[in-house]
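Good morning. I have two topics today, a pocket and a sheet, and I will take them in that order. Please look at the structure first.

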Amino acid sequence: MAGTKIQAAEHTVGEIFTDDYHFTIPRYQRPYAWTTDQAGEMFDDLLAASRAKDSLTEADPYFLGSIVLVKAEKQALAEVVDGQQRLTTLTVLLSVLRDCVSPPFAASLESRLFQKGDPIKQTADQPRLRLRDQDQGFFEKYIQERKGNALLPSLTNVRPDSRARLVENALQLKSRLNELEMVERERLVSFIDQHTYLVVVSTADFESAYRIFSVLNERGLDLTHTDILKAEIIGSIPDADQDAYTTKWAHEEDDLGRNDFGDLFSHIRMVYAKTKARESILKEFRASVLQRVSDGKKFIDDVLVPYSDAFEVVTRASYAGGDADAEAINRLLGWLKLLDNTDWIPPAISYFSRPTADSAELLRFLAELERLAASMLVRRVDITRRVERYGRVLDWMESDLDLYADESPLQLSAEERTATTTKLNAEIYTVTRIRLYVLLRLDSALSDGGTSYDHSPLISVEHVLPQSPAVDSAWTTAFTPQERSYWVHRLANLVLLSKRKNSQAGNLEFEVKKTKYFEKTSWPPFVLTGQVLDSPEWTPAVLEGRQEVLLKVLGNLWRLDPGSPAVS
């Protein structure tokens with residue numbers, strides 16, 4: 001490996017999707033896994049960058065990251081060691097863009113997606129990106145080929161997950177593009193092609209490429225940006241005070257641990273910038289925070305220490321107010337920690353860092369914050385719009401506006417309350433990331449909030465009416481196929497179990513299944529599950545009544561009635 005040549009250079013997307021590269025995803029790579037959150041985030045970043053200047057001739061370059069390839073010099077074949085998710089999502093975006101731009105643009109995009117065969121070069125017609133053998137046929141037919149791309153809306157129950165992600169991301173990007181005018185779509189195409197860059201790192205052998213990949217992923221700036229900022233900030237403090245402030249800095253870092261301390265700086269940046277990060281944490285922290293608090297001593301005393309203390313309380317649910325509200329505060333913090341994102345942390349630490357906030361005020365704020373966060377989770381609000389919303393909350397906090405006024409961004413609008421209820425009344429089970437949170441929250445409300453869910457990683461969601469009952473099962477008599485299809489994944493048909501018991505319950509008949517639910521466990525039975533024991537039968541009528549009751553419980557918990565006022 002000592003003589004292996006490594007090449008690294010910046011290239012525009014337009015330079016990469018040419019005959020110089022024939023990308024292949026090797027069999028050993030994991031399947032395509034980017035969710036609509038990640039694909040939507042990339043789209044939003046590209047769109048925002050394309051709009052940043054009045055003219056594309058003045059556009060700043062946009063850096064999309066790096067890719068690592070096994071590629072011999074002067075050979076087109078390029079095995080992707082790192083960058084599969086980015087290249088695949090980029091191909092999906094270019095494919096759906098092709099369907100909503102003018103014919104000349106569409107023809108150019110087609111050339112970015114497929115290489116035209118050349119008899120002189122002895123090359124054949126072929127896609128510029130080939131996924132793993134397991135997925136390439138589907139990818140080429142429904143994503144890369146224009147005819148198949150038009151069939152995407154008709155696809156249902158796509159499996160495996162890698163193909164489902166392709167379909168979901170393509171449909172989301174189609175929907176987002178349909179919101180834009182033609183001129184903006186074509187501007188986006190040009191920006192991606194001419195002003196969006198990837199750093200291409202290539203070497204001729206796999207061992208060397210994998211070593212590069214490991215270095216890039218294990219020694220990133222996210223592990224050292226606090227060290228760089230520490231040197232800059234402590235260095236700006238007069239020599240006589242540097243030791244004292246170095247000790248203060250070290251104390252906060254030791255309390256949180258190195259990783260959490262690094263995360264804290266990202267959250268502080270958000271508190272000040274109130275927008276999604278577009279560039280490196282170092283650049284943005286300097287611009288958003290240190291330009292406003294340039295004095296090193298003031299930064300440590302008035303920003304780092306109070307936000308670090310607040311971050312410790314918020315992320316560890318360790319509020320110790322010494323009164324009756326403390327338990328309720330920590331319980332709400334525990335719920336927020338169970339969310340699938342941490343975007344709520346900046347407004348939380350901003351509020352907790354206020355020296356004048358008493359426990360009653362903290363409790364009121366957290367109740368509203370959890371309500372907003374839960375609604376956005378249920379409505380599947382993407383990361384960009386979540387960050388925008390929390391940015392508006394932070395703006396109101398900084399301006400000392402009434403967070404509990406109807407027009408406050410901390411409050412849900414009537415439309416948002418209705419949309420949340422609609423989602424809760426739909427097929428909850430099919431959305432993996434929300435079903436457990438909703439059911440745990442519901443179970444807690446049914447038990448008056450007193451139940452502990454410390455074992456939540458061991459808790460799973462079980463269907464009472466099975467997903468696939470046996471043909472001769474009593475379930476097929478109690479429910480028509482249409483009724484089973486309607487109810488099987490809805491709130492009323494779902495209960496909570498330990499994972500150990502979930503595998504035992506399966507497709508058993510109702511009476512037998514009930515006994516399986518209530519075998520001894522290491523913690524008390526769930527209220528939701530206990531209600532099933534009291535039901536002598538499980539029919540569409542039972543489910544209809546149960547659905548109405550459970551929706552009302554969640555509606556009261558999160559105040560989803562259109563006329564619900566802010567909590568007082």
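Helix 7 contributes the most to the lining of the second largest pocket, giving 7 residues. Keep in mind that this is a predicted model. Which elements give two or more residues to that lining? They are helix 2 (36-51), helix 7 (161-178) and helix 20 (432-446).

The lining is made up of 28 residues. Nearest the centre of the pocket lie Arg165, Glu168, Arg380, Thr430 and Val431. Sorted by class, the lining has 10 charged, 9 polar and 9 nonpolar residues. As for the volume, the second largest pocket comes to about 1,300 Å³. On method, one general remark: rolling a probe the size of a water molecule over the atoms shows where empty space is left.

Now the sheet. How many strands form the open sheet, and in what order? There are 6, in the order 1-8-3-4-2-7, with mixed pairing. Strand 1 (6-12) and strand 7 (129-130) each have a single partner strand, so each has one side without a neighbour in the sheet.

Let us take one pair from the sheet. Strand 3, residues 62-70, and strand 8, residues 196-203, run parallel and are joined by 7 bridges. In this pair, Tyr62 stands opposite Thr196 of strand 8.

Helix 3 (residues 84-98) packs on the sheet. The strands that helix 3 touches are strand 2 (22-24), strand 3, strand 4 (77-82), strand 7 and strand 8. The direction of helix 3 makes about 120 degrees with that of strand 3.

That is the end of my part.

Terms used
Residues are numbered from 1 along each chain as its sequence is written. This is a predicted model: local features need pLDDT of at least 70, side-chain atom pairs count only at pLDDT 80 or more; totals for chains, interfaces and linings use all residues. Side-chain values use heavy atoms; hydrogens and water are left out. Two strands pair if DSSP finds at least two bridges between them. Helices (H or I, at least four residues) and strands (E, at least two) are DSSP runs, numbered from the N terminus. Contact means heavy atoms within 4.5 Å. Axes are lines fitted to C-alpha atoms, for helices over the stretch in contact, and angles run from 0 to 180 degrees between N-to-C directions. On a 1 Å grid over the protein atoms alone, a cavity is a set of points where a 1.4 Å probe fits but cannot get out, and a pocket is an open set with protein on both sides within 12 Å along at least five of seven lines; lining residues have an atom within 4 Å of a point. Grid points are joined across faces, edges and corners, and a volume is the space filled by probe spheres set on the points. Ala, Val, Leu, Ile, Met, Phe, Trp, Tyr, Cys and Pro count as nonpolar, Asp, Glu, Lys and Arg as charged, and the others, Gly among them, as polar.
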